[in-house]
Amino acid sequence: MVNLYHISLETQNLYDQLIDSIDEETGEVDIDIASALEVKKEEFTAAAINYATVIRMINARKSEAENEIERLTAIKSKLGQIADRMKNTLATTCQGLGFEKINGLTAAISFRKSEQTIIDNAEMLPSEFVKEKITYAPDKTAIKNAIKAGQDVPGAHVETVNNIQIK
């Protein structure tokens, strides 16, 4: 793929040469440099379109990947739910029939005791048993509106940028 930086540098050099070639009395410029500059601009335009096309293709692939991730995540969740339901059914049935241990060629089933803390009502817990998580995130919309309204917001400013649009 053509190096856009290289073409841009060549175009800038030709532009500088064209400016230097201007006859101050007549305003005439070197035709060869002007022609070369036009050719270089066309070369840049073609390269830019090719870059944009590749960017669109990459974004399309990215979107496909995101959709596939969502699809696989849904499958993973569903399989987890099925496995949990089957595991609970097996546990309930084994315990109901009095089986504490079953050994087979492809699987073994057993139970072990453990302790689990159940929170019935988190709001009733004393503060010493509650962890508090505090997160801070700048409200960019509010900051932008305040700055545009003339308010000074230390640590922030509004910039106008040109975002490239590729369609």
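This passage describes the overall form of one protein model and the settings of selected residues.

The model is predicted; local features need pLDDT of at least 70, side-chain atom pairs count only at pLDDT 80 or more, and totals for chains, interfaces and linings use all residues. Residues are numbered from 1 along each chain as its sequence is written, and side-chain values use heavy atoms, with hydrogens and water left out.

Three helices and two strands make up the secondary structure of the protein. Helices (H or I, at least four residues) and strands (E, at least two) are DSSP runs, numbered from the N terminus. The order from the N terminus is α-α-β-β-α. The protein is more spread out than a compact globule, because its radius of gyration is 34 Å, well over the 15 Å that the globule rule gives for 167 residues. That radius is taken over C-alpha atoms, and the rule is 2.2 Å times the number of residues to the power 0.38. Along the principal axes, the C-alpha atoms fill a box of roughly 110 × 55 × 20 Å.

Burial was assessed over the 167 residues of the protein, and 7% count as buried. Buried means under 20% relative accessible area, exposed over 50%, and partly exposed in between (1.4 Å probe, protein chains only). The exposed area of the protein is about 15,500 Å², with 54% supplied by carbon and sulfur atoms. Accessible areas come from the Shrake-Rupley method with a 1.4 Å probe; for residues, only the protein chains shown count as cover.

Contacts (heavy atoms within 4.5 Å) were also sorted by sequence separation. Among those with a separation of 6 or more, 37% join residues 24 or more positions apart. The protein carries 19 positive and 26 negative side chains. Lys and Arg count as positive and Asp and Glu as negative; His and the chain ends are not counted. The centres of the two sets lie 21 Å apart. Each charge is placed at NZ of Lys, CZ of Arg, CG of Asp or CD of Glu.

Helices α1 and α2 supply the residues examined next. Thr 11 belongs to helix α1, residues 4–20. Thr 11 counts as buried, at 15% relative accessibility. Leaving out residues up to four places away in sequence, Thr 11 touches Leu 37, Lys 40 and Lys 41. Lys 40 sits in helix α2, which covers residues 31–97. Lys 40 is buried, with a relative accessible area of 13%. Under the exclusion of residues up to four places away in sequence, Lys 40 touches Ile 7, Glu 10, Thr 11 and Leu 14. The side chain of Lys 40 also makes a polar contact with the side chain of Glu 43, at 3.1 Å. A polar contact is a pair of N or O atoms within 3.5 Å; within protein, one must be able to donate a hydrogen and the other to accept it, and residues adjacent in sequence count only if both atoms are side-chain atoms.

Three further residues are partly exposed. Ile 19 lies in helix α1 and has 40% relative accessibility. The C-alpha atoms of Ile 19 and Lys 131 are separated by 68 Å, with these positions 112 residues apart along the chain counted as their separation. Glu 66 lies in helix α2, at 40% relative accessibility. Glu 66 and Ala 36 are 30 residues apart in sequence and 45 Å apart, C-alpha to C-alpha. Leu 72 is also placed in helix α2, with 44% relative accessibility. From Leu 72 to Thr 53, the C-alpha distance is 29 Å over 19 residues in sequence.
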